[in-house]
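Student: Before I rely on any label attached to this model, I would like to see how each one is justified. Could we take them in turn?

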Amino acid sequence: MCGIVGAVAKRNIVPVLVNGLLRLEYRGYDSAGLVVVHEGKLERVRSEGRVAELGQKSANTQGDVGIAHTRWATHGVPSERNAHPHMSRELIAVVHNGIIENYEELRTELTAQGYEFTSDTDTEVIAHLIHSHYAQGSLLAATKMALSQLVGAYAIGVIAADNPHQLIAARKGSPLLLGVGDSEHFVGSDMSALLQVTRNVVYLEEGDVVELNVDNYRIFDAEGTEVQRPVQISELNNDSVELGEYQHYMQKEIHEQPQALADTLESVCNSQSLVPGIFGAEANDIFPRVENILILACGTSNHAGQVARYWLEEIAGIPCIVEIASEYRYRTSVPNPKTLVVTISQSGETADTLAALNHAKATGHSYTLAICNVPESAIIRQSKLRFLTRAGPEIGVASTKAFTTQLAALFLLTLVMAKVRDRLNEAREQQFLHELRHLPAAMLKVLALEPQIAEMSKHFADKHHALFLGRGMHFPIAAEGALKLKEISYIHAEAYPAGELKHGPLALVDKDMPVVSVAPNDTLLEKLKSNLQEVKARGGQLFVFADANTHIHASEGVHILQMPEHAGFLSPILHTAPLQLLAYYVALQKGTDVDKPRNLAKSVTVE
Ligand code: F6R
């Protein structure tokens with residue numbers, strides 16, 4: 001979703017702005033723009049296309065202070081006139097990520113004051129509001145006054161034509177970081193935009209407003225009090241955001257899963273036993289009091305929660321429900337203060353998940369645990385307990401390594417909960433730890449099936465629909481496979497628990513409807529086989545991802561991908577990878593933009 005970069009320095013910062021936007025491309029966008037102050041004037045360049053095009057258009061633009069933006073349309077179609085930065089009377093320029101909910105009312109008031117609107121965006125009201133206050137004070141004071149009139153979420157960057165050495169930035173509900181350089185300062189939506197210039201970062205908090213000058217910066221909290229925030233050294237490695245030998249980030253990230261799993265499980269695999277403390281010091285007190293679990297997440301992260309429900313109920317014997325975060329806060333639920341509320345999020349900034357967490361807290365839940373891939377993200381900061389998945393930066397819009405590491409984290413939660421509830425004896429704990437240690441190697445073996453999966457993908461290139469089947473804890477994996485396929489190949493795909501097929505969807509099955517099935521060698525195998533027969537009997541084309549010894553054989557209309565082994569409870573993690581690869585290779589056949597599928601954003605920071 002929208003990306004922001006801003007800089008104030010003693011050098012031409014246009015290359016920094018363009019490079020920063022290139023690093024933020026993965027978030028998803030439809031237009032881009034930048035503005036700098038040059039010889040007392042705002043010079044703005046915008047483009048409906050890619051950042052590379054903006055780079056070409058701005059090749060002769062120069063300035064020591066500037067702001068830049070990639071836009072993911074919310075108010076107004078993707079177009080150059082709606083692209084940020086937005087300006088007010090050639091004096092104030094603003095970039096914005098988020099949604100201003102009262103923009104219509106503000107627009108009416110500002111129009112009455114004589115301000116002319118040149119875009120359909122909610123952002124333009126911010127520029128005019130700041131302009132309307134600027135005559136009475138500094139850029140900082142004018143911005144603060146404008147912000148006090150806004151309802152909604154924002155991260156903003158502001159510059160003024162007559163103020164060539166200053167940039168004002170603020171955040172509330174949308175992410176923004178401050179980068180501290182040597183006599184130069186920066187802002188960015190995430191660290192990947194800033195790594196080119198600094199590793200020193202200040203994570204701005206909700207309601208913070210910051211004044212950036214060349215030699216110093218000042219931060220004001222939500223109450224307007226000047227505050228010091230710690231400067232942290234980012235551990236993000238520049239290489240981890242490079243594509244390297246791979247064709248796409250998605251492919252790279254699929255192949256990073258063995259390492260990501262090893263890193264996520266590192267502390268546990270090196271120890272001899274599991275302790276609640278891996279979820280934060282307070283977990284020792286909280287976990288024994290927990291009566292049930294409520295998991296809140298969106299999309300792929302929600303699928304991870306759905307798998308965990310099977311584990312938590314079966315292994316730990318603890319009741320668990322999983323809710324779509326965007327639905328939870330709008331329904332009347334019955335809170336129980338002894339519920340552990342678990343939010344799962346790759347980015348830690350997903351507006352729906354964040355709002356669900358806040359709703360849970362507002363209704364009396366104080367036991368909150370975040371499972372998240374981004375340290376210092378809003379969801380991490382707003383939760384009492386936390387577990388950081390160590391997948392590294394995920395650039396491809398379709399989530400892959402974040403998902404499998406979320407599953408690993410949720411399996412650890414299951415084991416710790418089981419232990420706290422006296423449902424895990426020493427021998428079983430050691431057995432599970434052994435299986436977890438083996439997981440990265442097992443994943444490596446699954447990824448070696450890539451050529452066979454690439455071959456299989458050819459059957460999908462001319463298809464418009466696909467069904468995905470799974471049973472038990474593999475049903476959410478089938479759902480994840482369907483989500484991956486639709487996201488990046490634009491083939492309509494739906495997942496069903498295999499037993500549900502005959503209750504309706506079987507009517508869809510014919511030779512043009514590929515049916516993908518996850519077939520682990522578990523207690524539901526025989527039932528699944530009967531369901532597959534139902535498909536075969538109706539002329540459906542089956543693509544079965546079958547564990548060893550399942551005795552499902554290839555025949556006319558039945559294509560088999562033989563999985564190397566059966567991994568017991570960890571099987572959902574291993575069955576995910578071939579479905580990711582299938583979606584990836586189908587997308588290649590279809591020639592879609594794999595890493596940046598149409599209409600989607602990586603970090604969904606608006607509701
Ligand atoms: C799908 C995908 C999305 C995200 C969802 C939640 O590939 O990436 O469905 O899983 O938008 O995002 P996070 O996990 O960042 O909260």
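Student: Where is Pro-85 found, and what makes the bond that joins His-84 and Pro-85 a cis peptide bond?

Tutor: In this predicted model, Pro-85 is found in the loop between β4 (65–71) and β5 (86–88). The peptide bond from His-84 to Pro-85 has an omega of about 0°, and it is cis. Most peptide bonds are trans.

Student: What makes the phi of Glu-90 worth a remark?

Tutor: Glu-90, in the loop between β5 and β6 (92–97), has a phi near 60°, which is positive although the residue is not glycine. Most residues other than glycine have a negative phi.

Student: How do you know that Ser-301 and Ser-345 make polar contacts with the ligand?

Tutor: A polar contact requires a pair of N or O atoms within 3.5 Å. For Ser-301, a polar side-chain atom lies 2.6 Å from an oxygen atom of the ligand, and for Ser-345 the distance from a polar side-chain atom to a ligand oxygen atom is also 2.6 Å, so both pairs meet the cut-off. Ser-399 meets it through its backbone, since an N or O atom there lies 2.9 Å from an oxygen atom of the ligand. The protein covers 89% of the 400 Å² of accessible area that the ligand has on its own.

Student: Which pocket holds the ligand, and why is the ligand said to lie between two domains?

Tutor: The ligand sits in the second largest pocket, and the elements giving two or more residues to its shell are α10 (299–314) and α17 (475–489). Because domain 2 (249–444) and domain 3 (450–590) both contribute residues to that shell, the ligand lies between them.

Student: What classes of residue make up the shell around the ligand?

Tutor: Of the 14 residues that surround the ligand, the closest include Gln-346, Ser-347 and Thr-350. By class, the shell has eight polar, four nonpolar and two charged residues.

How values were computed
Residues numbered from 1 in each chain as written. Predicted model: local features only at pLDDT ≥ 70, side-chain atom pairs only at ≥ 80, totals over all residues. Heavy atoms only, no water. Near = heavy atom within 4 Å. Polar contact = N/O pair within 3.5 Å; in protein donor to acceptor, adjacent residues only side chain to side chain. Areas by Shrake-Rupley, 256 points an atom, 1.4 Å probe, with all protein chains shown as cover. 1 Å grid on protein atoms, 1.4 Å probe; cavity = no way out; pocket = protein on both sides within 12 Å on 5 of 7 lines; lining within 4 Å. Sits in = over half its atoms within 2 Å of the grid points. Helix = DSSP H or I, 4+ residues; strand = E, 2+ residues; numbered from the N terminus. Nonpolar A, V, L, I, M, F, W, Y, C, P; charged D, E, K, R; others polar. Domains from an automatic or database assignment.
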